[in-house]
Amino acid sequence: MNLVIILLFIIIILFICIFYLRNSYDRRMDSLSKGYDEHIISSSTNLNGKITDISKAFCQISGYSKDELIGQNHNIIRHPDMDSEIYSGMWKTIKNDKVWHGEIKNLKKDGGYYWVKAHIYSQYDKNNKKIGYTSIREDITAQKDLEILKSNLELAIQRRVTELNTTNLYLDTIFEAYPDILIVTSGDKIEKVNSKFLNFTKFDSLDDFKEVYKCICDQFENIEGYLQPHIDNNLTWIEYVELHPKDMHKALIIKDDLEYIFSVQSKKMLLDEEVKYIAILTEITNLERLATVDKLTSLYNRRKLDSVLENCSSDGLVDNLCLMMLDIDNFKIVNDKYGHDVGDKVLKSIANSIKENTRDTDIAGRWGGEEFLVICKDTSLEEAKNISNRILNSVRESDFAEIGKQTVSIGLSCLTTDESIVELLKRSDIKLYEAKNSGKDCLKY
């Protein structure tokens, strides 16, 4: 009797387990089915090519709704660019009960297109009777567009190279007509330049230039954010530019105490079975100035300051970094009483005091309104205090034509261990408010 009860108990437990396993399996299958429908581009047709079923993913990529596609012939999405022979081969393959693989360009409802890698196979009912075809597709539009773009670019470059190879005279004509500096180099040796190069470097010939410099990169300033004269990993500067085509490369050259900023591009090509590079240096000094300099004060603008702070944060290599936040005291009264024209003159004058009392390595800019920020790298607290006090005294001792005397308040903070740039900036701002609340015309740190 006990044995019977035990067996019944075991049977009941087994039924419960089977029930739960079946429910779990059904839920899992429902989840897989939903995922398939939403993420797999699939369709089924009858033997004549009329659509009998499609997935949500198919509708999403084609732009059609399910109701618009069911019952339609599959050629509703056939793109006119596709060769008829591809479809003839496809039908021949699947009618012979073989799986067809290929890449197809399809037509969207809105007239656009998309590329898919398709796998089409026969579909059978439970009696093993062939009832249609099913296609599983993978979206390869981005890949195909990139291939086409790359192919077009390669053709364009090859076409240009072929043209350049026709005659040296034609090459000279292009060089002299080009509005930017052009340099042909083998990587470590300059072989040809245009007159724009000679005009800028102020040499009569390339030979004269090479007597003084080995490379144009010898004139590059070694400043963060610009192309460096010497690259690690045994790369020449031109090879580095070529290997990083998506980056924005800028070079800074100082001539006659004036800064010139160039965007630098490189094109690799094969001339006379030798690898050559064409370097294009486009002067962007004015554009760079407009993008990074505050028009009124001629200091750096907020965008430039944000960029410098972001670089400080991302490279993680900044030691002894100090930030000075400056604010003009009672500036609203100046604007209200004397007008914005006078206010602008005050801003310019104080900006000049900041420039005159900071170092070449310091980065000073207009943070916003009447606020300024000075970024001091490799600077101790004592050094930063000295700079701040020089600015305070300079402003305090200046005579402002329309208003007489004017002062500023400064909040100073230096980076501590494990502190972020954002936290440092916030501390500087807090110190500035302390200076404001302590009678103004002072430094708090």
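**Exercise 1. Decide whether L305 is buried or exposed in this predicted model, and find what surrounds this residue.**

Step 1. Place the residue: L305 is found in helix α11, which covers residues 302-315.

Step 2. Apply the cut-off, under which a residue counts as buried when its relative accessible area is under 20%. L305 has a relative accessible area of 0%, and therefore L305 is buried.

Step 3. Look for the surroundings, leaving aside the neighbours within four places in sequence: L305 is in contact with I363, A364, G365, R366, W367, L373 and I375. For one of these residues, W367, the separation from L305 is 62 residues in sequence, while the two C-alpha atoms are 7.6 Å apart in space.

**Exercise 2. Classify A177 as buried or exposed, and give its C-alpha distance to S195.**

Step 1. A177 belongs to helix α6, made of residues 168-177.

Step 2. A residue counts as exposed when its relative accessible area is over 50%. Because A177 has a relative accessibility of 61%, A177 counts as exposed.

Step 3. Along the chain A177 and S195 are 18 residues apart, and their C-alpha atoms are separated by 9.3 Å.

**Exercise 3. Find which cysteines are joined by a disulfide, and explain why C376 is not bonded to C322.**

Step 1. The structure holds one disulfide, and this bond joins C322 to C414 with an S to S distance of 2.0 Å.

Step 2. Describe the geometry of the link: the angle about the S-S bond of C322 and C414 is 100°, and the link is right-handed.

Step 3. Locate the two partners, which come from distant parts of the chain: C322 lies in strand β11 (residues 322-328) and C414 in strand β14 (residues 408-414), with their positions 92 residues apart in the numbering. Both C322 and C414 are buried.

Step 4. Turn to C376, whose closest cysteine sulfur is that of C322, at 6.5 Å, which is too far for a bond because a disulfide requires sulfur atoms within 2.5 Å. C376 counts as buried, because its relative accessibility is 0%.

Step 5. For another cysteine, C59, the relative accessible area is 15%, so C59 is buried as well.

**Exercise 4. Work out how helix α13 is oriented against α12 and against α14, and which residues make each contact.**

Step 1. Recall what has to be stated: two packed helices are described by the angle between their axes and by the distance between the axes.

Step 2. Begin with helix α12 (residues 331-338), whose axis comes within 7 Å of that of α13 and crosses it at roughly 140°. This angle makes α12 oblique to α13.

Step 3. List the residues of this contact: F331, V334, N335 and Y338 take part from α12, and H340, V342, G343, V346 and L347 from α13. Sorted by character, the residues in the contact of α12 with α13 are six nonpolar and three polar, with no charged residue.

Step 4. Continue with α13 (residues 340-356) and α14 (residues 381-397), which pack with their axes 9 Å apart and at an angle of about 140°. That makes α13 oblique to α14, and the crossing in which α13 passes α14 is right-handed.

Step 5. Name the residues of this second contact, which is made by I350, S353 and I354 of α13 together with I391, S394 and V395 of α14. In the contact of α13 with α14, four residues are nonpolar and two are polar, while no charged residue takes part.

Conventions
Residues are numbered from 1 along each chain as its sequence is written. This is a predicted model: local features need pLDDT of at least 70, side-chain atom pairs count only at pLDDT 80 or more; totals for chains, interfaces and linings use all residues. Side-chain values use heavy atoms; hydrogens and water are left out. Helices (H or I, at least four residues) and strands (E, at least two) are DSSP runs, numbered from the N terminus. Buried means under 20% relative accessible area, exposed over 50%, partly exposed in between (1.4 Å probe, protein chains only). Axes are lines fitted to C-alpha atoms, for helices over the stretch in contact, and angles run from 0 to 180 degrees between N-to-C directions. Angles under 35 degrees count as roughly parallel, over 145 as roughly antiparallel, 65 to 115 as roughly perpendicular and the rest as oblique. A crossing is left-handed if the near helix is turned anticlockwise from the far one by less than a right angle, and right-handed if clockwise. Contact means heavy atoms within 4.5 Å. Ala, Val, Leu, Ile, Met, Phe, Trp, Tyr, Cys and Pro count as nonpolar, Asp, Glu, Lys and Arg as charged, and the others, Gly among them, as polar.
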